[in-house]
Structure formats: C-alpha cells, structure tokens
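Biologist: I keep meeting words like buried, cavity and pocket. Can we go through them on one example?

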Amino acid sequence: MLELIKQPWPWYFSGFMILIIMLLLVFWGKSFGFSSNLRTLCTIAGAGKKVKFFNFDWKAQRWNLLFLVGAVIGGFISSHYLSDPEDLKLSAATISDLQKIGISFKGGINPDELFSVASLKEPKVILILLFGGILVGFGSRYAGGCTSGHAISGLSNLQLPSLIAVIGFFIGGLVMTFLIMPYLF
Amino acid sequence: MKALKFILAGVLFGIIMTKSEAISWFRIQEMFRFQSFHMYGIIGTAVTLGIIAVFLIKKLKLKSSEGQQITFQHKEKTFYRYIIGGTIFGLGWALTGACPGPMFVNVGYGYLAMLIVIIGALAGTYIYGIIKDKLPH
C-alpha cells in the first residue's frame, strides 16, 4: 500500500482526490479557496489598521489557516516519508525547450537555477521570485480567487466569471512562457 | 477536534499536490507549453466530477455537517477583474511555477526559496488592498 502511494499518482486519481478535498470542505460548510489565506495573513499582520480591505473579522477564516498549516505539513510528510526515488517523468520536448532558455532538468520537481539555496546568492533570482510572487498575490486577489477558487470550485459550479478568470490565467501563463521567459534567464 | 479535521484535510491536500506533481515548476511549464496531458488531466478530472457533484448536492438539497443546506457562492458577474486579474495571476503562475497552495506545500517539502515567493504574494495582496478602489472591476 505504502509503495503504491509513494509512486507518482496518475492524473485521474489526482483529479479525483482534489475533488474529495473540495467536497470535504463543502460538507463542513466551507469553500475551497486557498488564496484567501494571503488576505487573512495580511490582516493578522496588522494591515487592517491602514487599509480598509484588510479590516475584517479574520477569525471566520481560521479554518482556512489551519488548512494552510496542514498543507505545509503534507509537503513535509511527502518529501520525508512518501518520496519516490525516480526522476520526474518530464516530457523530452519540455526538457529541451527549457535547456534553450538556460534551465536544466536534473530529475527534481523544481529547477536549481531558481530554487536552490545556492542560487539565492544571485540578486536576479531573488527579484524574479519576489516579483513572481507579487503577480500571483495581486492577481489572485484582483480576480477574486486562484486555481482552487476559480478553476476547481468556480468551474464545478458553472460560474462564467471563473471561466473568464481561467482564460486570463492562460493568457498570462502563455505570455510569460513564450514572450517573457526567453529573455529572463 | 474541529481544528484537527481542517489540519488533516490540509495534510491530505499537501500530499495530493505533491504526489500529483502539481507543485512542480517543471510540470507547470510543461502545461503552458502544451507538451503533456498530465496537468490538464488532473484539472479536467476534478472539474468534470466536480460539476456532477455540485449538481447532485443542489438537486438532493444535501446538508452540511452543521445541519444547514449546502449553498454555493455566485461570483459577481463582471468582466474586467477576472480577465485582468486572471492574466496577472497567470504571469506569476508561469514564472514561479506555483499558485498559492503549492507555494506553501513546497516550503514544507523543503524548498525554502519559495518563502520569497510567499513574501511577494503577501506584498501583492497588500498592494491590491491599497489600490483596489482605483482598479476596474
């Protein structure tokens, strides 16, 4: 059983399990949307004193912060007890395309050029990570949700606004991948 | 006990995100380059089954564990916030390979550099809070 869990999960099982998470939260009277936590964290840090948007009763979102804590623990458990020694089965086309823009694939889940501790000596890398994070944080709040809130919860409820947001996700993702990233690294 | 169930759901979410490889920067690049079905399969399965599940929950008027009838939020029907906000989100998603959930799962996994992305995401959220009234929604 543990051996089966340790292998990378096929897409259909992964998709099914994400639905289980959404349904668990729905049956507990909540809704699946992770990026709300970013707003809650700003509020806890005291942003509500200066900016009205953060002046709300964050205690109603306490469950979501607990979910966030669990997500961190889940990542830890996965890397320490459930990891798979095999390389990620990345497509050969992606490997060769990324090589052309200076990102090498060594079998791990994230590239060393961006996420290794050594690469953080480069101010450029820190700026890329920081700026990328700002885009994600700003964009998800502006759009009113991220992948979980729009692509999963919203589309499941046939919300047209969520479809527009997901189309936006792809416009942005394609522009970054094909028009901006080739000149970044 | 009530707190524990949300933590456990989060743990399960973290494991799902890792084992599905949805927390991988490489997988997100592969998706935006249309070079693998993997991520489309994951999201497609979740949404297809999700549509059926939400339909049945509404049809059967199922109740939550607290005894109230389950309702689903309707998103306000505007255009600009979704297309512009979504596009900005997508730019960051492709660059960092992480949407908000996977950022935190990655930190637990051991990619501490992702903390910088999280600091950025908090800053981005804060900036939105400041200028929100000046933006088209």
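Modeller: We will take the terms one by one and test each against its rule.

Modeller: This is a predicted model, where local features need pLDDT of at least 70, side-chain atom pairs count only at pLDDT 80 or more, and totals for chains, interfaces and linings use all residues. Residues are numbered from 1 along each chain as its sequence is written, chains are lettered from A and ligands numbered from 1 in the order in which they are written, and side-chain values use heavy atoms, with hydrogens and water left out.

Biologist: How do you know how many helices and strands chain A has?

Modeller: Helices are DSSP runs of H or I with at least four residues, strands are runs of E with at least two, and numbering starts at the N terminus. By that rule chain A has nine helices and zero strands. Its pattern along the sequence is α-α-α-α-α-α-α-α-α.

Biologist: Why is Gln61(A) called buried or exposed?

Modeller: Buried means under 20% relative accessible area, exposed over 50%, and partly exposed in between, with a 1.4 Å probe and protein chains only. Gln61(A) has 18% relative accessibility, so it counts as buried. It sits in the loop between α3 and α4 of chain A. Leaving out residues up to four places away in sequence, Gln61(A) touches Ser36(A), Thr40(A) and Phe56(A). A contact means heavy atoms within 4.5 Å. Across chain A, buried residues make up 52% of the 185 residues.

Biologist: And what makes Glu3(A) exposed?

Modeller: Its relative accessible area is 54%, so Glu3(A) is exposed. Glu3(A) belongs to helix α1 (residues 2–6) of chain A. The C-alpha atoms of Glu3(A) and Lys52(A) are separated by 50 Å.

Biologist: What is notable about the phi of Leu158(A)?

Modeller: Most residues other than glycine have a negative phi. Leu158(A) is not a glycine, yet its phi is positive, near 50 degrees. Its loop lies between α8 and α9 (160–180) of chain A. With 63% relative accessibility, Leu158(A) is therefore exposed. Lys61(B) also has a positive phi, about 50 degrees, and is not a glycine. Lys61(B) lies in the loop between α3 and α4 of chain B. At 52% relative accessible area, Lys61(B) is exposed too.

Biologist: How do you know where empty space is left?

Modeller: Rolling a probe the size of a water molecule over the atoms shows it. On a 1 Å grid over the protein atoms alone, a cavity is a set of points where a 1.4 Å probe fits but cannot get out; a pocket is an open set with protein on both sides within 12 Å along at least five of seven lines; lining residues have an atom within 4 Å of a point. Points are joined across faces, edges and corners, and a volume is the space filled by probe spheres set on the points.

Biologist: How many cavities of 30 Å³ or more does the rule give?

Modeller: The count is one. The largest cavity holds about 200 Å³. Its lining has 18 residues, and among those nearest its centre are Ile18(A), Thr147(A) and Met17(B).

Biologist: Which residues lie nearest the centre of the largest pocket?

Modeller: They are Ser31(A), Ser36(A), Gly144(A), Gln73(B) and Lys75(B), out of 42 lining residues. The pocket holds about 1000 Å³. The largest share of its lining, four residues, comes from α8(A).
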